[in-house]
Amino acid sequence: MPTAQIALTAMVNGLAIGLLLFITAAGLSLIFGMMDVLNLAHGALFLTGAYLAWWIGGEQQTWPSLGRAVVAVVVFGAAAGGLLSLLTAPLSRRSHLEQALLTLGIALVAADVLSALFGDDVRATEPPAGLAGTVTVAGWSYPSYRLALVGVAALLAAAVYWTVERTSLGALFRATVGDRDMVAAVGVDPRLVRGGVFVLGSVLATLAGLLGAPIYHARPGLDTTILVLALVVVVVGGLGSIRGPLIAALLFGQVESVGRAVLPGLASFLLFGTLAAVLVVRPRGLFTLAPGGRR
Amino acid sequence: MTSLATTHPATRPRLRPAVRNATAVAAGTLLLAAAPLYLAPYATTTLTRILVFGLLAASLNLLVGVVGLPSLGHAAFFGVGAYAAAFSALHGTSGVPALLLGMAAAALVALVAGAVAVRAGGVFFLMLTLAVGELTQQAADSWESVTGGSNGLYGVPAPTLSGLVLDQPATTYWYVLAFFLAGLLALRLAATSATGVVLRGIRDSEDRMRALGYRTTLVKLGAFVFAGAVAGLAGGLLAAQQRLVTPADAGFETSALALLAVVIGGTGSWWGPCLGAALVIVVRDSLGATLDGHGPLALGLLFVLVVYLLPTGIARIRLRRTAP
């Protein structure tokens, strides 16, 4: 049944995209929820991760080059997160708009530097040997990298979810979302929390870029595409929570993938339509934390 | 806090500033109208682009400065207006009807987008408008039968006005200038009307306006659609001037540039955003060429500098210096 196979392929693609989106959007949501900074340079971090994958591994990744790329994107993400934390710190008492404009400026600069470094061509990178082909299960063949991606991204998503919802570090995160000043008052250095959140959020974005490189292929403009998807996920999921973006990311992964397969010309309308439909039913997103505590 | 002078007109002496303002407006208009007579054709074309972009920035200023709704996707309506006008011109109807069609199309899209975005306040509004702008660009990129895909619509015929083909830099300039002034006047009238006062009230305290019985969401949506329609007019002028419309005209970078123009120019006046637009266009076009195509880099740095150094914009700085 080819139709069923196409549908299954589109849905598994959607799952892979959705999990990638979650990892990207979780960083955005954490940074906004905890530090009240809308980081519009988040898409640039994703794109840098994808470019680093290509730069280190070339068009054909090997396992050692993939390992080096993972180290490189984590180091780069941490450094970029620290820098963003320092740059936005002086604006912490100013409006959201000014912080958004600052990160927008950083995103423009980053996009220009990336296109100067890597050119305007699409920089495709193929996964390492064991993951390059397809797997066939009962007559249905599927790219093995995407299947592995679903596994790895699910693990990473689970780790993020568990850290935020179940550990004492996560309790600190959630407490900061709820009442930042009170967290400072009980003796936690807010600068440390700030830096930590930016580093974690940025590393998640660059890692997602590395994982997504064989699917999306690094190219100019990918940064805004990903940024918008992540913003939509965060708006629908609710800011500062982690469960909301997970559900929203999985939803929009399906909309992206199945929508592009069924109505290729109308994918962007479909995305906006879903966004509008959710917001009409739940104007504050699916799982927005009520101020002062979790629901 | 933002503009005491405009919120309390009764507290300042009436006549002298009014006369001074009228003189300044008349002199400025005259200077602008005569510009093709003393400028080279290339400079005239640049000035035309500045006017188009200035009208976009001014329409955005209605949202940012008057209603307090900072939009990161205002170019969506600019792009829709440009595409609709260009499409109409390519199919035989150019000139004023094409502009009106562009305005109507932009207003319609703004109604749909605004119905979603205006309900969500604060930072959600920033995110949603950004998403609307990007999705409009993507739609322009993929809807090839109407928009020409990534090539855009090219070879748009020059506008005609009662049989006269406006294809010279000077005639195009006067055509654009006329609608620029009309658009600016409409925005000013809207901002100083009774509804404009309600809009300022919403900016300063939406809860209080709601408690007073105003249906604030509806009023905000009205302002959003009006600003979208004026942006659509600017888009129609873009199609007439550039004779080419590409997806980038509806996209993120154009929206960001318009917001930058408003922020640089300051939200307290109407000439501020236009001056900001002039600076942005000059940086992008002139400096971008000498910087070997690194216009975005210069603009990104400009963003960063503006946020750190002049949070209230050029117009506000001048006000502060002349104040006692």
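**Exercise 1. Find which residues A:L40 touches, leaving aside its neighbours within four places in sequence.**

*Solution.* Start with the term: contact means heavy atoms within 4.5 Å. In chain A, the partners of A:L40 are A:A100, A:T103, A:L104, A:A107, A:L227 and A:L231. Then turn to chain B, where A:L40 is in contact with B:L72 and B:L130.

Before you go on, a note on the model. It is predicted, so local features need pLDDT of at least 70 and side-chain atom pairs count only at pLDDT 80 or more, while totals for chains, interfaces and linings use all residues. Residues are numbered from 1 along each chain as its sequence is written, chains are lettered from A and ligands numbered from 1 in the order in which they are written, and side-chain values use heavy atoms, with hydrogens and water left out.

**Exercise 2. Describe the largest nonpolar core.**

*Solution.* A nonpolar core is a set of buried Ala, Val, Leu, Ile, Met, Phe, Trp, Tyr and Cys residues joined through side-chain atoms within 4.5 Å. Here, buried means under 20% relative accessible area, exposed over 50%, and partly exposed in between (1.4 Å probe, protein chains only). The largest core has 189 residues. Those with the most contacts inside it are A:L38, A:L40, A:Y216, A:L275 and B:F53. Helix α1 (residues 2–35) of chain A gives the most to this core, with 16 residues.

**Exercise 3. Check the length of helix α12 (residues 216–242) of chain B, and work out how enclosed it is.**

*Solution.* Helices (H or I, at least four residues) and strands (E, at least two) are DSSP runs, numbered from the N terminus. The expected span is 1.5 Å times one less than the number of residues. For the 27 residues of α12(B), that gives 39 Å, and the end C-alpha atoms are 38 Å apart, which agrees. Next, 22 of the 27 residues are buried, so α12(B) is largely enclosed by the rest of the structure. Just after this helix, B:R243 takes a positive phi of about 60 degrees.

**Exercise 4. Decide whether B:T136 and B:E253 are buried or partly exposed.**

*Solution.* Take B:T136, in helix α7 (residues 122–142) of chain B. Its relative accessibility is 16%, so B:T136 counts as buried. Leaving aside neighbours within four places in sequence, B:T136 is in contact with B:A76, B:V80 and B:A250. Now take B:E253, in helix α13 (residues 252–265) of chain B. At 36% relative accessibility, B:E253 counts as partly exposed. With the same neighbours left aside, B:E253 is in contact with A:L108 and B:P296.
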